Amino acid sequence: LGCLNLHLGLAPEFRGSSPAFYEMLEGVPTVGVTIHRINEGLDTGPIIKQESFPIDLAPREDPIAYLGRYQREVLIPNGIRMMADAVRAAASGSIIIERPQPPASRPVRRRATYRLKRELRRRVRRRRERKAGLIFA
């Protein structure tokens, strides 16, 4: 039946590590979960299921803590549900539509560094200030 992967990110835009981190860093208001077949590339196999979930780009708490909680409470449970659906469909012989992924337009994201985490905190602080009307831009 092949091998499936549960990727916490929308492929192909957000392949690689640090689920939701780069979406928040870049100001993307949604985070996705992708179920795809495994091939020779990193998160590059044909997509079987994908869903998006809203994310708070200016959480009140520390953004790194928020992302950890968001992964535990939103991404992982939904990913498990989606994977179970995909495995059930494959095991029952249901037709699974696979969508080939285009080549990535950017390199695979690596685990977030200390410098990037500091930058995320700075950006989130600026978003909070804008939201509160303290910055006009």
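This passage describes the sheet, the helix across it, and the internal spaces of a predicted model.

The sheet is open and has three strands. Their order is β1-β2-β3, and the pairing is antiparallel. β1 (4-7) and β3 (47-54) are the edge strands. Each has a single partner strand, so one side of each lacks a neighbour in the sheet. Neighbouring strands are turned by 10 degrees against each other on average, direction ignored. β1 and β2 (residues 30-37) run antiparallel and are joined by four bridges. N5 has H36 in β2 as its bridge partner.

Helix α2 spans residues 63-91. This helix lies across β1, β2 and β3. Its direction makes an angle of about 155 degrees with β3.

Helix α2 also contributes to a pocket. The largest pocket has a volume of about 190 Å³. Its lining consists of S18, P19, F21, I64, L67, G68, Q71, R111, A112 and K117. Four of these residues come from α2, the largest share of the lining. By class, five lining residues are nonpolar, three are polar and two are charged.

Enclosed space was examined as well. A search of the whole structure finds one cavity of 30 Å³ or more. The largest cavity holds about 40 Å³ of space. Its lining is formed by H7, L8, G9, F14, G16, S17, S18, P19, A20, Y22, E23 and R109. Five of these residues are nonpolar, five are polar and two are charged. S18 and P19 line the largest cavity, and S18 and P19 also line the largest pocket.

Key: Residues are numbered from 1 along each chain as its sequence is written. This is a predicted model: local features need pLDDT of at least 70, side-chain atom pairs count only at pLDDT 80 or more; totals for chains, interfaces and linings use all residues. Side-chain values use heavy atoms; hydrogens and water are left out. On a 1 Å grid over the protein atoms alone, a cavity is a set of points where a 1.4 Å probe fits but cannot get out, and a pocket is an open set with protein on both sides within 12 Å along at least five of seven lines; lining residues have an atom within 4 Å of a point. Grid points are joined across faces, edges and corners, and a volume is the space filled by probe spheres set on the points. Ala, Val, Leu, Ile, Met, Phe, Trp, Tyr, Cys and Pro count as nonpolar, Asp, Glu, Lys and Arg as charged, and the others, Gly among them, as polar. Helices (H or I, at least four residues) and strands (E, at least two) are DSSP runs, numbered from the N terminus. Two strands pair if DSSP finds at least two bridges between them. Axes are lines fitted to C-alpha atoms, for helices over the stretch in contact, and angles run from 0 to 180 degrees between N-to-C directions. Contact means heavy atoms within 4.5 Å.
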